[in-house]
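Got a model open and wondering where the labels come from? Let's go through a few of them.

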Amino acid sequence: MNSLLTKKPLSVCTFYHYHPLPVEHLNTLKDVIQNKGIGLRGLILLSGEGINATLVGSLRHLKRYLQVLREETGIPIQARWQISHSWGFKKLRIKIKKELVASGKEELSPFSDNTHLNPVEWEMALSKNPVLLDIRNNYEVQVGKFKGALDLNLDQFKNFPEKLKKSKIPKDKKVLIYCTGGIRCEKALNEMKSQGFKQVQQLKGGVLNYLKEFPNSHFKGNLFVFDHRVTLDQKLKPSGKYKLCPHCGQAGDQSISCQHCRKECIVCTLCMDKDRVYQTCSKNCSYHYKNGHRYKAKRPALPSC
């Protein structure tokens, strides 16, 4: 049985805030909030730019912890909530980063005057056939996207400025951009304005926020999330359609027999097509297959007397 699954529903809260934090105090802050996150799982990114997090646990524990975060950081955190029957994470991890989103430009801070469209406004805007741009990575786009959306075939967000320059998106037309939760759009909007785009608006709260109000509408397919739930369906429940590829961590749905140990497993299409060494169930099996090692099955333990 999957140890991350639970019978009792859990609460999931997601949030990000661009808010200056003293870089010299981040390690101390990390230790304090790590020690107070007992009973919770998830991922928190801390930076001089602010905070970005996905947390899972009981509603009571999460609300108490959010208050701790507000007091310790001075940030007026406002979270978005979901219900899940999966922990999604194996533990609570807190990481310190140079940027909340790796843009390749540390000076690329969000515009203070950017324009957010809530899901209702976004739905109305889509009816006018705007230029719609998906700024997520290519493997996210493959499992689900807004109907008619363009994408830049990004393998990582820091390539966004370069790919945008080479695109033929008209700079004088209104462009709507979106991502999973909104945080990448903040920096993407900044970059687009610096490259001369006149009218850019973003989906407030990203696709996560949109699907809460408009499931089975303009967004088609599943939504990739960066945890062990892998993808969410239109009702923001784990779809079960994909598993994390053991080699790259992307969404995989290709069922194979491991080239080394012959165990049935799932890998992503990209790794499946790249090399036979990736047609394996783990990085360990990949290493042994690459080096020509013969698989030796573990002998069953002898019964104790």
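Here are some questions about a helix, a pocket and a hairpin, with the terms spelled out.

This is a predicted model, where local features need pLDDT of at least 70, side-chain atom pairs count only at pLDDT 80 or more, and totals for chains, interfaces and linings use all residues. Residues are numbered from 1 along each chain as its sequence is written, and side-chain values use heavy atoms, with hydrogens and water left out.

Q: What makes helix 6 mostly covered?
A: Buried means under 20% relative accessible area (exposed is over 50%, partly exposed in between; 1.4 Å probe, protein chains only). In helix 6, residues 183–194, 10 of the 12 residues are buried, among them R184, L189 and M192.

Q: Why is 183–194 called a helix?
A: Because helices are DSSP runs of H or I with at least four residues, numbered from the N terminus, while strands are E runs of at least two. Helix 6 has 12 residues.

Q: How do you know which classes line the largest pocket?
A: Ala, Val, Leu, Ile, Met, Phe, Trp, Tyr, Cys and Pro count as nonpolar, Asp, Glu, Lys and Arg as charged, and the others, Gly among them, as polar. On that basis the lining has 21 nonpolar, 14 polar and 13 charged residues.

Q: Why do strand 17 and strand 18 count as paired?
A: Because pairing takes at least two DSSP bridges, and four join these antiparallel strands. S255 stands opposite I266 in strand 18.
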